[in-house]
Amino acid sequence: MFVSEAPRFVTGLQVRSTQRVPHIVVGITHPQTCLTLTGRLRALREAGFRVTLVSSPGELLDRTAAREGVESIAIPIQREIAPIADIVSLVRLWWLLLRLRPDMTEFSTPKAGLLGTLAAMLVGVPTRIYMLRGLKVEGTTGFKRRILLLAERVASACAQVVLCNSRSMRAEAMALGVAPAAKLNLLGDGSSNGVDVERFSPGPSNVRDRLGLPREAPVVGFVGRLTCDKGLPELMEAFDTILKAEPEAHLLLVGWFDAAEDALCPGLRTRIENHPRIHCTGFVTDTAPYYRAMDLMVLPTWREGFPNVVLEAAASCIPVVTTISTGSRDSVVPEVTGLLIPPGYPEAISEAVLKLLHNPARRRRMGEAARAWVVEHYANERVLGLITAYYKSLLASAAQGKLVGSSRALVPAQR
């Protein structure tokens, strides 16, 4: 038996014996990615799917499965290149899918995307989806770039649908030759889940009081993994400049120091932890009140798929400064809901932040426009409705024998 633990069934999840319920396996590499699945798994279950979530073991896997009302199975998968461990994970995934015989698989993140879609093809899963949430190949060079690009192309070749979560992600995948244009699909305006616009909304927050932040002090926020790829080194340098112009400013970092290959160097981490004007929260389960404590948010990222945190801040009436990188540039309407800057330039961060800090009326107008834009385009009811309807259409095509691996046979999605 290769599966490290048995499926966990949530009480109340029942299947009618008179009609077979379609079964979808959703696979990711690391439990951290469960943060991007909030609402998506529940929506699939409520749309009539039996849902099984597969990931490396971790508390977030168990917690997400329980919250969403789905089954969970833990299979260790390494995030980095590890040939022997990867072969073991592939065999485990193949054995799992052979036992479950699902009607559909949706694998995402680079390693699970590669191993999961390959295992699904070997087993003969009728409908195979590769969810493209980001392109790790961006920003790499040499041999590693060739390996990562090959992995993306193999994962896409093994899937019948490559579902991109932003317009720029689809364009970049097409430019890199990840898959044929007809196989690269985008639903609506993008996003994996959309936003709960009731939960993420303007309102009171006790975060400033709890963290000892003065009520009137300018607070610049960041939400996400504290890593190099998210632009933390540039943000730290920019904050030094911001403090010279706004001596009372504070930087609120809502996130954790991730021990991935793009981890911050020990010296920078120590500096962040000991800085009197920088406040690190660590991992936070409910980020909604933290957005309300900010005057604006900054995401100086180098690469994204489609940043949920920008949409959450926007829904909270908080303007955002982010980069023109793939994915992140789709999350802001420039000069309307926020500002776009090039990645890798601390001076661009400080200039944009100070421009907004010095103009409260503009911040307020941008925040109001941001919320209206998110409510119209990215409310989770709309985004999740498009996803469930599309997945049902793929099942119908498979049942009619039209979904056989050729992109020409696919049910068209919005692009």
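Helix α8 and helix α9 (residues 266–274) pack against each other at about 45°, their axes lying 11 Å apart. With that angle, α8 is oblique to α9. This is a predicted model, so it helps to keep confidence in mind as we go, and we will come back to that at the end. Looking at the handedness, α8 and α9 cross in the left-handed sense. On the α8 side, the contact uses Leu232, Pro233, Met236 and Asp240, while α9 contributes Leu268, Arg271 and Ile272. Sorted by class, the α8 and α9 contact holds 5 nonpolar residues, no polar ones and 2 charged ones.

Now follow α8 to another of its partners. Helix α8 (residues 232–245) also meets helix α12 (residues 346–357), where the two axes come within 8 Å and cross at roughly 45°. Here too the angle makes the pair oblique, α8 to α12. The crossing of α8 with α12, however, is right-handed. You can trace it through Glu234, Leu235, Glu237, Ala238, Thr241, Ile242 and Ala245 of α8, which touch Pro346, Ile349, Ser350, Val353, Leu354 and Leu357 of α12. The contact of α8 with α12 comprises 9 nonpolar, 2 polar and 2 charged residues.

From α12 it is a natural step to the sheet. Its 6 strands form an open arrangement, running β10-β9-β8-β11-β12-β13 with parallel pairing. Strands β10 (278–280) and β13 (338–341) are at the edges with a single partner strand each, so each has one side without a neighbour in the sheet. Ignoring direction, neighbouring strands are turned by 20° against each other on average.

At one of those edges, strand β12 (residues 320–323) pairs with β13 in the parallel sense through 4 bridges. If you would like a spot to zoom in on, Val320 has Gly338 in β13 as its bridge partner. Helix α12 packs on this sheet, touching β8 (219–223), β11 (296–299), β12 and β13, and the direction of α12 makes about 165° with that of β13. Helix α12 thus has contacts with α8 and with the sheet.

How far can you trust what you see? The protein chain has a mean pLDDT of 91, with 92% of its residues at 70 or more. Two stretches call for care. Across residues 1–18 pLDDT stays under 50, and the model has 33 contacts beyond four places in sequence for them. Residues 404–412 likewise stay under 50, with 16 such contacts in the model. Where pLDDT is low, predicted coordinates should not be read in detail.

Definitions and conventions
Residues numbered from 1 in each chain as written. Predicted model: local features only at pLDDT ≥ 70, side-chain atom pairs only at ≥ 80, totals over all residues. Heavy atoms only, no water. Axes fitted to C-alpha atoms, helices over the stretch in contact; angles between N-to-C directions. Helix = DSSP H or I, 4+ residues; strand = E, 2+ residues; numbered from the N terminus. Parallel < 35°, antiparallel > 145°, perpendicular 65-115°, else oblique. Left-handed = near helix turned anticlockwise from the far one by under 90°. Contact = heavy atoms within 4.5 Å. Nonpolar A, V, L, I, M, F, W, Y, C, P; charged D, E, K, R; others polar. pLDDT = per-residue confidence, 0-100. Pairing = 2+ DSSP bridges.
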